[in-house]
Amino acid sequence: MRLSPSGGKALYFTAAAASGTAVVVADLATGATRIVLSADKANIRPCNCNWKNEARIICRVYFITYAGSQEISGARAFSIAADGSSRIEPGARNTTETIQIDQRGARLIDFLPDDPDHVLMEMLIPEQSGSASNIQRRSGVSVQKVDVNNGRMTPTERPGSLVSSFDSDDHGEVRYRSIVTRLATGYVEDRVSHYVRARGSKTWVPAHEETISARSNWQYLGFDESGVAS
């Protein structure tokens, strides 16, 4: 259960049908409840829901689907009105020219607690085929500042084709990224490099490098309250 910023509402999970999950918002003064998101199948699972402001909730939904006979897992993020009146899916939209499958969807990396209307989200900008309208478009993993009320996005970190992930220091600054190396054949090399940067800096500093096939015990955990990486 999660309380809204005012403490007047709560959201919680409950069962939906035989094997599904529903997200419910309850008014604690009146006892009235409303289902704002529901999946009646086990292969779609809402999780990690929390209040952004009194009127909007951010939820992540994991799912399993099929491409032909191939089973594919994925995730999507949603900004949901607390009264159930609207649902926004932040992220780049697939088009007929999209040549990548976006399995991960947008991922929340900073709630921006001092900003009532925006969050930072890591997301894939899918690669496009080389038509005249899209040939200049950059693709790869980026960070966008997202307005939770309408889904409008402002780039914070431009897409990088070799970036595998970003993270913030929970104070609005993107200060971690991991990079993979792509060979001339197009395949990813068996290596991942981790970088951090100081607060207010644009310079990435190497923190650790390891092979993908034999990961070490080194692990990036995040930043503490003072902004130190751990």
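How many of the eight residues of strand E10 (residues 118-125) are buried? Seven are, and the strand is mostly covered. Buried here means under 20% relative accessible area, exposed means over 50%, and partly exposed lies in between (1.4 Å probe, protein chains only). Strands (E, at least two residues) and helices (H or I, at least four) are DSSP runs, numbered from the N terminus.

The model is predicted: local features need pLDDT of at least 70, side-chain atom pairs count only at pLDDT 80 or more, and totals for chains, interfaces and linings use all residues. Residues are numbered from 1 along each chain as its sequence is written, and side-chain values use heavy atoms, with hydrogens and water left out.

Strand E10 has pairing partners that include E9 and E11. Two strands pair if DSSP finds at least two bridges between them. Strand E9 (residues 107-110) pairs with E10 over three bridges, in the antiparallel sense. Within that pairing, Leu 108 has Met 121 of E10 as its bridge partner. E10 and E11 are joined by eight bridges, again antiparallel. There, Glu 122 is matched with Val 143 of E11.

Ser 142 also belongs to E11, which spans residues 140-147. Its relative accessible area is 0%, so Ser 142 is buried. Its side chain makes a polar contact with the side chain of Gln 144, at 3.1 Å. A polar contact is a pair of N or O atoms within 3.5 Å; within protein, one must be able to donate a hydrogen and the other to accept it, and residues adjacent in sequence count only if both atoms are side-chain atoms. Contact in general means heavy atoms within 4.5 Å. Leaving aside neighbours within four places in sequence, Ser 142 is in contact with Met 121, Glu 122, Met 123, Ile 125, Glu 157, Arg 158, Pro 159 and Phe 166.

The largest nonpolar core has 13 residues. Such a core is a set of buried Ala, Val, Leu, Ile, Met, Phe, Trp, Tyr and Cys residues joined through side-chain atoms within 4.5 Å. Ile 57 and Cys 59 touch the most other members. Two or more residues come from each of strands E3 (20-27), E4 (33-39), E5 (44-51), E6 (56-67) and E7 (70-81). E6 gives the largest share, three residues. Beyond four places in sequence, Cys 59 touches Val 23, Leu 37, Cys 47, Asn 48, Cys 49, Arg 76, Ala 77, Phe 78 and Ile 80. A second, separate core holds eleven residues, among them Leu 124, Val 143, Phe 166 and Ile 179.

Four strands form an open sheet, with antiparallel pairing, in the order E1-E2-E3-E4. Strand E1 (2-3) and E4 stand at the edges; each has a single partner strand, so one side of each lacks a neighbour in the sheet. E1 is joined to strand E2 (residues 9-16) by two bridges, and the two run antiparallel. Leu 3 stands opposite Ala 10 in E2.

Strand E15 (residues 188-196) includes Val 192. Val 192 counts as buried, at 3% relative accessibility. Its C-alpha is 6.2 Å from that of Ile 212, while the two residues are 20 apart in sequence. Ser 193 is found in E15 as well. At 8% relative accessibility, Ser 193 is buried. The side chain of Ser 193 makes a polar contact with the side chain of Glu 209, at 3.2 Å. Beyond four places in sequence, Ser 193 is in contact with Arg 177, Ser 178, Ile 179, His 208 and Glu 209.

The structure holds two aromatic pairs. Rings of Phe, Tyr and Trp (its six-membered ring) pair if their centres lie within 6.5 Å; planes under 30 degrees apart count as stacked, over 60 as edge-to-face and the rest as tilted. The ring centres of Tyr 176 and Tyr 220 are 3.8 Å apart and the planes lie at 5 degrees, so this pair is stacked. Tyr 176 lies in strand E14 (residues 174-182) and Tyr 220 in the segment after strand E16 (205-210), so the pair ties together parts that are 44 residues apart in sequence. For Tyr 220 and Phe 223, the centres are 6.2 Å apart and the planes are at 70 degrees, so that pair is edge-to-face. Tyr 176, Tyr 220 and Phe 223 form one aromatic cluster.
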